[in-house]
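This report goes through one protein model, with attention to its helices and to the charged side chains that pair within it. Please keep the sequence and the coordinates at hand while reading.

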Amino acid sequence: MLEGKALIEDTDMPLKMQIQAMASASQALDVYDVLDCKSIAAHIKKDFDKKYGNGWQCVVGSNFGCFFTHTTGTFIYFTVETLNFLIFKGAASTPPSSP
């Protein structure tokens, strides 16, 4: 388990949800090996799907890049020592308008 304090890099989540994100990450780090990023991410995703409805995505690792569109109020990016955590709910795409 990583023992460091979470440092929020960027977010638009309400404070209560931010606290839940960091608590969920802490729980996952208690259960899984720090190198098992896939299981840690799955744990967090399932927790958020259960608490806030389906559609959540989670990326965990020490070196990744991404580009995504999210629903307003559902994004957080934070670090705990060497691990980065990205949690967001995908935005519903709108179909192109007919000519």
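In which element of the protein is confidence lowest, and in which is it highest? The model is a predicted one, and its confidence is lowest in strand 1 (residues 6–11), with a mean of 94, and highest in helix 2 (residues 37–52), where the mean is 97. Across the protein the average pLDDT is 90, and 89% of the residues score at least 70. As a general caution, predicted coordinates should not be read in detail where pLDDT is low.

**Helix 1**

Helix 1 covers residues 15–31, and its 17 residues reach 25 Å from the first C-alpha to the last, which is close to the 24 Å expected at 1.5 Å a residue. Its buried residues are Met17, Gln18, Gln20, Ala21, Ser24, Ala25, Ala28 and Leu29. The cover over these buried residues includes strand 1, helix 2, strand 2 (56–61), strand 3 (76–80) and strand 4 (83–89).

**Helix 2**

The 16 residues of helix 2 should span 22 Å at 1.5 Å a residue, and the end C-alpha atoms are indeed 22 Å apart. Cys37, Ile40, Ala41, Ile44, Asp47, Phe48 and Asp49 are buried in this helix, and the buried residues of helix 2 pack against helix 1, strand 2 and strand 4. Just after helix 2 comes Gly53, which takes a positive phi of about 90°.

**Salt bridges**

Side chains of opposite charge can pair when their charged atoms come close. A search of the whole structure finds 2 salt bridges, which are set out below.

| Pair | Closest N to O | Position |
|---|---|---|
| Asp49 and Lys45 | 2.4 Å | helix 2, 4 residues apart |
| Lys51 and Asp47 | 2.6 Å | helix 2, 4 residues apart |

What separates the two partners of each pair along the helix? Asp49 and Lys45 lie about one turn of helix 2 from each other, and Lys51 and Asp47 are likewise separated by about one helical turn, because they are 4 residues apart in helix 2.

Are the acidic partners buried or exposed? Asp49 counts as buried because its relative accessibility, 15%, falls under the 20% cut-off, and Asp47, at 11% relative accessibility, also counts as buried. Lys45, by contrast, is partly exposed, with a relative accessible area of 28%, and Lys51 is partly exposed as well, with a relative accessible area of 45%. In each salt bridge, then, a buried Asp meets a partly exposed Lys: Asp49 with Lys45, and Asp47 with Lys51.

Notes. Residues numbered from 1 in each chain as written. Predicted model: local features only at pLDDT ≥ 70, side-chain atom pairs only at ≥ 80, totals over all residues. Heavy atoms only, no water. pLDDT = per-residue confidence, 0-100. Helix = DSSP H or I, 4+ residues; strand = E, 2+ residues; numbered from the N terminus. Expected span 1.5 Å × (residues − 1). Buried < 20%, exposed > 50% of the residue type's maximum accessible area, 1.4 Å probe, protein only. Contact = heavy atoms within 4.5 Å. Salt bridge = Lys/Arg side-chain N within 4 Å of Asp/Glu carboxyl O.
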